[in-house]
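Reader: I'm new to this one, and I'd love a close look at just one part of it. Could you pick a spot and walk me through what goes on around there?

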Amino acid sequence: MAAPSNAPRPGEQLGDFQILSLLGEGAMGKVYEARQLSLQRRVALKVLPAESAGGGNEHAVTRFYREARAAAQLQHPSIVPVYDFGIEQGHYYY
């Protein structure tokens, strides 16, 4: 039986982002369709759940941050640009 997750759910807010739906998930987190409230735009929001980052798991956080920095360097019409990186309610996101 899987452990309960405190990952964001549709309708919840994570900082400036309102979660709309889960698009997919993998080894490094979950990707949501979200609305950035301040700019009123739809975005893809990748989240490292708090349970993955918690307990002093600096390796997971470092890897996630490295991934965000690498993705931010890419510019291509088929790649979603990275505009922000942060932490809210124990969840790292970009």
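Author: Let's start at Gln89, which is exposed, with a relative accessible area of 56% (exposed means over 50%, buried under 20%, and partly exposed in between, with a 1.4 Å probe and protein chains only). Keep in mind that this is a predicted model, where local features need pLDDT of at least 70, side-chain atom pairs count only at pLDDT 80 or more, and totals for chains, interfaces and linings use all residues. Residues are numbered from 1 along each chain as its sequence is written, and side-chain values use heavy atoms, with hydrogens and water left out.

Back to our spot. Gln89 sits in the loop between β5 (86-88) and β6; strands here are DSSP E runs of at least two residues and helices are H or I runs of at least four, numbered from the N terminus. What is phi like at Gln89? Phi there is near 55 degrees, a positive value in a residue other than glycine. That's worth a second glance, because most residues other than glycine have a negative phi.

Now for the strands on either side of that loop. They belong to an open sheet of six strands, in the order β1-β2-β3-β4-β6-β5, with antiparallel pairing (two strands pair if DSSP finds at least two bridges between them). The edge strands are β1 (13-14) and β5, and each of these pairs on one side only. So if you leave the Gln89 loop by way of β5, you're at an edge of the sheet. Leave by way of β6 (residues 91-93) instead, and you reach a strand that runs antiparallel to β4, joined to β4 by two bridges. One place to see this pairing is Tyr92 in β6, the bridge partner of Leu48.

Let's step across to β4, then. Lys46 lies in this strand, which covers residues 41-48. Is Lys46 buried or exposed? Lys46 is buried, because its relative accessible area, 18%, is under the 20% cut-off. The Lys46 side chain makes a polar contact of 2.5 Å with the side chain of Glu67 (that's a pair of N or O atoms within 3.5 Å; within protein, one must be able to donate a hydrogen and the other to accept it, and residues adjacent in sequence count only if both atoms are side-chain atoms). Leaving aside neighbours within four places in sequence, Lys46 is also in contact with Met28, Lys30, Val31, Phe64, Tyr92, Tyr93 and Tyr94, among others, where contact means heavy atoms within 4.5 Å. Notice that Tyr92 turns up again here, as a contact of Lys46 as well as the bridge partner of Leu48.

On to another strand paired with β4. Seven bridges join β4 to β3 (residues 29-36), and the two run antiparallel. Look for Ala34, which stands opposite Val43 in β4. Together β3 and β4 form a hairpin with four residues between them.

In that turn you'll find Gln40, placed in the loop between β3 and β4. Phi of Gln40 is near 50 degrees, again positive in a residue other than glycine. Gln40 is exposed too, with a relative accessible area of 52%. So our walk began at one loop glutamine with a positive phi, Gln89, and ends at another, Gln40.
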